[in-house]
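Please examine the aromatic side chains of the model shown below. The discussion moves from charges over rings to pairs of rings.

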Amino acid sequence: MVSLAQPQQRQFNPYSENGGTILAIAGADFSVIAGDTRQSEGYSIQTRYAPKVFKLTDKAVLAVNGFAADGNMFVKSVRQRLEWYRHAHAKDMPLRAIARLIQTMLYARRFFPYYVYNILGGIEDDGTGAVYSFDPVGSYEREACRAAGAAQSLVQPFLDNQIYYKNQTPAPGTSFPAHLPLPTVLSLVIDSFTSATERHIEVGDGLEIYVVLAKGSTALQSLGNIRGIQEMTTNQDGERVEPSLLESPFILKYSEKTLMILAPLLYLTIASLVPSAFSQIRYDSEHNATSIVGTWSSGSKQVLTGPGFANPANKTFTYPLTTGISYSFSEDGFYEISRYRFNGNGSEPTCITGVINWVHGHYALNSNGSMTLTPFGDGYQQIQDPCAAVSNFLEDYNLTEYYTQWRIFQDPVTGFKLHMFQFDGAPLAPQFQISTTPNMLPTRLLRNVTTAPAGNGVKTPTRRSLLEKKSNDAPTSQLTLAFGVTTVMVTSSIAALFL
């Protein structure tokens with residue numbers, strides 16, 4: 001008997017389109033790079049804050065758009081290559097060389113490419129602004145402006161008209177300027193994203209703008225009428241520099257949150273070189289939807305601070321069912337952190353590192369919107385690495401932690417959601433409010449600790465493995481390792497509202 005069944009087709013698509021839009025514009029001695037913060041798939045919004053613009057060096061900023069997972073991994077790989085270059089040559093890679101590096105990395109993956117469209121902006125060695133645009137397999141060119149992403153068809157014609165003066169005729173006896181001033185460029189960027197947000201469902205929620213200025217640039221003076229223009233770059237010695245000196249290129253960072261399509265609200269969050277006496281933290285719809293006081297937890301909310309996670313007296317842990325992080329903050333300035341996570345290894349997939357961590361101490365909400373966490377000194381963590389010489393050990397964890405900014409949003413489904421950004425701008429996993437009352441162990445030193453010189457100590461191996469089945473019988477171990485307190489650079493930021 002002959003079967004009349006039709007052939008069945010099977011296919012697998014490893015990529016996803018996560019929406020969003022990015023753009024960059026080059027000026028005479030500056031570059032502006034911007035991107036929205038919405039991450040979506042189809043008609044579903046996965047998150048309202050997914051940064052698409054990343055600082056690479058003091059002269060270079062990279063915007064990525066497309067498949068979010070590929071974009072994050074590609075930025076991580078580029079930063080790693082730039083770090084290797086910095087250690088080998090004791091200087092940052094020039095912008096032109098970074099563009100060539102990105103082209104090489106993309107072309108090397110052409111048979112299974114990163115599904116991302118990249119735009120690189122910054123300052124060349126001669127002090128001129130430059131923008132390089134890339135397709136997913138590495139073809140690139142230097143341009144005066146470029147847009148990419150979901151709303152490219154809306155934004156690029158507008159930029160062609162305003163930057164390249166397409167379909168425009170100058171007045172008799174006049175000519176178009178070679179470069180637009182920085183305030184005009186910023187207005188064009190904001191108008192572009194405002195229009196795109198009104199007309200495209202995959203663009204919206206927030207806008208981040210980076211401005212890279214060359215040394216000696218006069219563009220900063222033209223922004224004097226905008227409150228809070230401050231830089232986020234240090235000099236070669238790591239010291240903070242007065243903006244008026246302008247001895248090196250530097251970067252300004254803006255963050256815009258469009259709360260409503262037809263009535264966007266703009267606030268600027270700029271990391272500063274010079275601490276300023278700004279107003280206290282405000283809790284309202286434009287800043288933070290509620291107080292940070294309480295207990296917060298990520299993901300499945302299985303990891304929580306308090307007595308159910310750690311016992312500092314004998315340095316043991318109660319292992320949660322799943323990984324995650326949890327932060328608690330009290331009204332009188334105390335904090336507690338519980339973290340349980342696994343770190344993958346792309347080069348050695350079997351070498352998965354497990355880390356379980358607990359620490360508490362004092363916290364300070366700085367007037368610039370940043371946060372500083374100073375531990376008591378009795379924090380500890382367990383690390384399990386099957387590929388290390390010592391595969392399982394306990395050690396003290398007493399690092400001062402600095403977060404450049406934190407935000408609390410009102411999610412219509414999950415309620416209040418806390419976003420925190422580490423010292424390098426990398427975001428933590430979003431945390432959801434568990435309770436307005438902090439669930440914490442006593443806010444004092446909970447065990448005797450032996451202080452050792454920073455960076456020296458002994459790691460004591462244990463038999464317990466984080467990769468084993470989780471139970472409540474955690475091992476104990478003694479340790480004499482102590483970390484020195486990390487010196488953090490206090491930055492400042494300010495919020496300015498534009499209607």
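In this predicted model, Arg-110 is placed over the face of Tyr-107, 4.1 Å from the ring centre. A second arrangement of this kind involves Arg-109, which lies over the face of Tyr-114 at 4.3 Å from the ring centre.

The rings also associate with one another. A pair of aromatic rings is described by the distance of the centres and the angle of the planes. Searching the whole structure yields 18 aromatic pairs. One of them joins Tyr-115 and Tyr-117, with 6.4 Å centre to centre and 65° between the planes. This pair is edge-to-face, because planes over 60 degrees apart fall in that class. Tyr-115 has a relative accessible area of 26% and is partly exposed; Tyr-117 is likewise partly exposed, at 34% relative accessibility.

What geometry do the rings of Tyr-165 and Phe-176 adopt? Their centres are 4.2 Å apart and their planes meet at 5°, so the pair is stacked. Tyr-165 and Phe-176 both lie in the loop between α3 (152-162) and α4 (182-199), so their pairing ties together parts that are 11 residues apart in sequence. With a relative accessibility of 16%, Tyr-165 counts as buried because the value is under 20%. Phe-176, by contrast, is partly exposed, its relative accessible area being 30%.

Finally, which residues join Tyr-115 and Tyr-117 in one aromatic cluster? Tyr-15, Phe-67 and Phe-112 belong to that cluster together with these two tyrosines.

Methods: Residues are numbered from 1 along each chain as its sequence is written. This is a predicted model: local features need pLDDT of at least 70, side-chain atom pairs count only at pLDDT 80 or more; totals for chains, interfaces and linings use all residues. Side-chain values use heavy atoms; hydrogens and water are left out. Rings of Phe, Tyr and Trp (its six-membered ring) pair if their centres lie within 6.5 Å; planes under 30 degrees apart count as stacked, over 60 as edge-to-face and the rest as tilted. Buried means under 20% relative accessible area, exposed over 50%, partly exposed in between (1.4 Å probe, protein chains only). Helices (H or I, at least four residues) and strands (E, at least two) are DSSP runs, numbered from the N terminus. A charge sits over a ring if NZ of Lys or CZ of Arg is within 6 Å of the ring centre and within 35 degrees of the ring normal.
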